[in-house]
Amino acid sequence: MIKKLAQRILNRVKRFLLSDIHSRINTLEYRSFNRRFYAIEQCAEYLIGAKLEGDYLEFGVYQGTTFSHAYHWMSPHFENMRFLAFDSFEGLPKPQGIDIVDGYSSHFHEKQFSCSQEEFIQNIVSKGVSLDKLQIIQGWFDKTLSHEKAQEYNLKKISVAWIDCDYYESTIPVLNFITPYIEIGSVIIFDDWRCYRNHPDFGEQRACREWLESNKQIKLSELFSFGWNGIAFTVIST
Ligand SMILES: C[S@@+](CC[C@H](N)C(=O)[O-])C[C@H]1O[C@@H](n2cnc3c(N)ncnc32)[C@H](O)[C@@H]1O
């Protein structure tokens with residue numbers, strides 16, 4: 001009798017602890033996405049004010065949480081906007097070169113953020129995203145981001161490029177890819193700008209600096225920052 005009672009109490013305590021852990025994880029996830037959602041909403045308001053036409057491109061979509069939010073906030077205002085999702089759907093590649101930086105790396109690692117294309121589609125459909133305006137480009141950026149491919153997708157103008165691929169090496173092909181399709185007013189968002197302890201010689205900050213150095217005609221102006229990590233720029237010269 002006493003043993004049964006003790007077992008019941010133990011089970012209750014276990015359930016309570018587990019539900020507490022789950023709710024803490026959910027709160028943390030919500031907090032981290034809340035800032036991204038805010039960034040998407042700010043960006044949508046900016047696009048409406050700027051009357052800027054073009055497509056939304058996200059480089060590194062993972063489970064599609066930010067992507068779905070962008071779809072809901074932007075598509076009602078821009079009838080012709082398409083939503084292009086670029087990802088390996090195998091998670092992060094193995095870090096190479098300067099991305100292997102002990103202590104500064106925000107602990108990114110191979111296969112982190114892995115989510116299959118099927119799971120991505122299921123998630124965004126369950127969030128009400130219509131597949132009509134969608135293109136999914138699966139593969140490693142250094143293979144899929146070519147100008148032949150851009151022509152295949154009939155890419156003309158980018159209104160938003162959301163760059164969320166964590167590594168310096170992953171960001172380089174993205175910036176080279178978007179170069180001919182940005183125009184004055186286009187928004188470029190770097191989700192991981194301040195990863196690597198906000199050090200300018202690593203990650204997306206370094207890739208962006210080098211890109212601007214080799215494309216002197218391109219100039220950016222800061223639009224806003226979000227969370228501890230992200231930053232949005234608009235293009236002021238191409
Ligand atoms: C942090 S997650 C993206 C999160 C997503 N933007 C969101 O807000 O929900 C990073 C994604 O970048 C992708 N990725 C990183 N480097 C890549 C590369 N070189 N080629 C293809 N995908 C890459 C990973 O597969 C992963 O899904």
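# A guided tour from sheet to ligand

Read along the sequence, the protein follows the pattern α-β-α-β-α-β-α-α-β-α-β-α-β-β. That pattern holds 7 helices and 7 strands. You are looking at a predicted model, so please keep that in mind as you click along.

**Start with the whole chain.** Show the C-alpha trace and turn it along its principal axes: the span is about 80 × 45 × 30 Å. Of the 238 residues, 34% are buried. Among contacts with a separation of 6 or more, 76% link residues 24 or more positions apart.

**Next, colour the strands.** The 7 strands form an open sheet in the order 3-2-1-4-5-7-6, with mixed pairing. At the edges you will find strand 3 and strand 6 (219–226), each of which pairs on one side only. From one strand to the next, the twist averages 15 degrees.

Now zoom in on strand 5 (residues 187–190) and strand 7 (residues 230–237). These two run antiparallel and are joined by 4 bridges. For a pair to select here, take F190 of strand 5 and its bridge partner in strand 7, I231.

**Move into the core.** The largest nonpolar core has 53 residues. Those with the most contacts inside this core are C43, V160, A161, I163, V174 and I189, so they make a good selection to show as sticks. In soluble globular proteins, nonpolar side chains tend to be buried together.

Which residues does C43 touch, leaving aside those up to four places away in sequence? Select V160, V187, I189 and A232 to see them.

**Then pick helix 6.** Is this helix enclosed or open? In helix 6 (residues 168–178), 8 of the 11 residues are buried, so the helix is largely enclosed by the rest of the structure. The buried ones are Y168, S170, T171, P173, V174, L175, F177 and I178. V174 appears again here, having already come up in the core selection. To see what covers these buried residues, add strand 1, helix 4 (141–144), helix 5 (147–152), strand 4 (158–163) and helix 7 (203–214), which are included in the cover.

**Go on to the ligand.** Around the ligand there are 21 residues, and the closest are G60, Y62, T66, S88 and S170. S170 is one you have just met among the buried residues of helix 6. Coloured by class, the shell shows 9 nonpolar, 7 polar and 5 charged residues.

Stay with Y62, which sits in the loop between strand 1 (55–59) and helix 2 (65–74). Y62 counts as buried because it has 22 C-beta neighbours inside 10 Å, where 20 or more are needed. Check its backbone too: Y62 has a positive phi of about 50 degrees although it is not a glycine.

**Compare F89.** This residue lies in the loop between strand 2 (83–87) and helix 3. F89 also is not a glycine, and it has a positive phi of about 55 degrees. With 19 other C-beta atoms within 10 Å, F89 is partly exposed.

**Finish at L131.** Select the loop between helix 3 (117–126) and strand 3 (134–138), where L131 lies. Is L131 buried or exposed? L131 is exposed, with 11 other C-beta atoms within 10 Å. For a last distance, pick the C-alpha atoms of L131 and S88: they are separated by 19 Å, and the two residues are 43 residues apart along the chain. S88 takes you back to the ligand, as one of the closest residues there.

Key. Residues numbered from 1 in each chain as written. Predicted model: local features only at pLDDT ≥ 70, side-chain atom pairs only at ≥ 80, totals over all residues. Buried ≥ 20, exposed ≤ 12 C-beta atoms within 10 Å, placed from the backbone. Near = placed C-beta within 6 Å. Nonpolar A, V, L, I, M, F, W, Y, C, P; charged D, E, K, R; others polar. Core = buried A, V, L, I, M, F, W, Y, C linked by C-beta atoms within 7 Å. Contact = placed C-beta atoms within 7 Å. Pairing = 2+ DSSP bridges. Axes fitted to C-alpha atoms, helices over the stretch in contact; angles between N-to-C directions.
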